[in-house]
Each structure stands twice: as C-alpha cells, then as structure tokens.
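User: Hi, could you walk me through this one? I am new to it and would like to start with the overall layout and then look at some details.

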Amino acid sequence: MGRIGGNISGVIQPKTTGEKNFMGEADVIWQDAFTQRGWLGLQSVDSKRTFNTKLEESTHVFLCDFDAGIYALAGQDTRMILKGFVYDVLLIDNPDEMDEQLEIYLKRVGAWNG
C-alpha cells in the first residue's frame, strides 16, 4: 500500500440512523469510518457521452490506494469531507478488480461546517 499517495486527506462517512426524535423520525448520523490520502480531480460536468447516470452526475473523482474496508461501503449511503466541502459518494470503483486503487466518484453538495 501507499503507492498512490496524494496531496489531500479525505474523511469517509457512512450514514447510519440513530434513535427516533420527537416526531418519530430516525436521526441521521454521519460517523467517520476512514481517512484516506489521495488525489481529487474535477470531472467534466457536461459530458454527453457518458451513459452511466452516476458518473454523469459526478463533479469530482477521488483517486486513492485500494482499501477493502472502503470498497465494502460501495452501494451504501456515504459521503466524504474534502478540503472543507461535503461530497456525496456516487460510486466506489475498483478498476478491473485489481485491488490496486479506488476511484471514488463524488458530487459536491455544500460546505463543511463541522
């Protein structure tokens, strides 16, 4: 591990539900699960040739070393905190199932105030 490196660290937070509030709704809890170092790149937001909706919606991609724990979060409601911004995780890809790197496709949703 440690082959890719990176210039920023991102915090990966899966969504869990807590106790019910006074209205009977489950509270949303975002818990830090992993901190990973990698590279954040801007995606083209107007690509007309992308047929996969999740990739078309993505604004950024985070490239990092493979981590089985992070890859296990694929398909779950997850977000990342990077450089003061919150990103929804749209897709976690292990290219060609080589277990060498992860490509995490993100959509910026706002500023981090935590």
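Analyst: What follows is a short conversation about this structure, which is a predicted model.

User: Which helices and strands does the chain have, and in what order do they run?

Analyst: The chain has 2 helices and 7 strands, and read from the N terminus on, the elements follow the order β-β-β-α-β-α-β-β-β.

User: How much of the chain is buried?

Analyst: Of the 114 residues in the chain, buried residues make up 30%.

User: Ok, on to contacts. How many salt bridges are there, and which residues form them?

Analyst: The count comes to 1 salt bridge, and in this pair D77 is joined with K15, with the closest N and O atoms 3.3 Å apart.

User: Where do D77 and K15 lie?

Analyst: D77 is in the loop between α2 (68–71) and β5 (78–82), while K15 belongs to strand β1 (residues 8–20), so the salt bridge ties together parts of the chain that are 62 residues apart in sequence.

User: And how accessible is each partner?

Analyst: D77 counts as partly exposed at 43% relative accessibility, and K15 is also partly exposed, with a relative accessible area of 36%.

User: Switching topic, how many aromatic pairs does the structure hold?

Analyst: The structure holds 1 aromatic pair. The rings concerned are those of F66 and Y71, whose centres are 6.0 Å apart and whose planes meet at 55 degrees, so the pair is described as tilted.

User: Why tilted and not edge-to-face?

Analyst: The planes would have to be over 60 degrees apart to count as edge-to-face and under 30 degrees to count as stacked, and because the angle between F66 and Y71 is 55 degrees, the pair is tilted.

User: Are those two rings buried or exposed, or something in between?

Analyst: For the residues as a whole, F66 is buried, with a relative accessible area of 11%, whereas Y71 is partly exposed, with a relative accessible area of 26%.

User: What about the charges on the surface, which residues form a negative patch?

Analyst: A negative surface patch is formed by D96, E97, D99 and E100. One of these residues, E97, lies in the loop between β6 (85–93) and β7 (101–111), and the place of D99 is likewise in the loop between β6 and β7.

User: How accessible are E97 and D99?

Analyst: E97 is exposed, with a relative accessible area of 52%, and D99 is partly exposed, with a relative accessible area of 42%.

User: What is phi in those two residues?

Analyst: Phi of E97 is near 50 degrees, which is a positive value in a residue other than glycine, and phi of D99 is near 55 degrees, again a positive value in a residue other than glycine.

User: Why point that out?

Analyst: It is worth pointing out because most residues other than glycine have a negative phi.

User: One last thing, where is F85, and how accessible is this residue?

Analyst: F85 is found in strand β6, and with a relative accessible area of 30% F85 counts as partly exposed.

User: How far is F85 from R108, in sequence and in space?

Analyst: F85 and R108 are 23 residues apart in sequence, and in space the distance from C-alpha to C-alpha is 7.1 Å.

Notes
Residues are numbered from 1 along each chain as its sequence is written. This is a predicted model: local features need pLDDT of at least 70, side-chain atom pairs count only at pLDDT 80 or more; totals for chains, interfaces and linings use all residues. Side-chain values use heavy atoms; hydrogens and water are left out. Patches are made of residues with over 30% relative accessible area and no salt bridge: like charges are joined within 9 Å, nonpolar side chains (Val, Leu, Ile, Met, Phe, Trp, Tyr) within 5 Å. Accessible areas come from the Shrake-Rupley method with a 1.4 Å probe; for residues, only the protein chains shown count as cover. A salt bridge is a side-chain nitrogen of Lys or Arg within 4 Å of a carboxyl oxygen of Asp or Glu. Lys and Arg count as positive and Asp and Glu as negative; His and the chain ends are not counted. The place of a charge is taken as NZ of Lys, CZ of Arg, CG of Asp or CD of Glu. Helices (H or I, at least four residues) and strands (E, at least two) are DSSP runs, numbered from the N terminus. Rings of Phe, Tyr and Trp (its six-membered ring) pair if their centres lie within 6.5 Å; planes under 30 degrees apart count as stacked, over 60 as edge-to-face and the rest as tilted. Buried means under 20% relative accessible area, exposed over 50%, partly exposed in between (1.4 Å probe, protein chains only).
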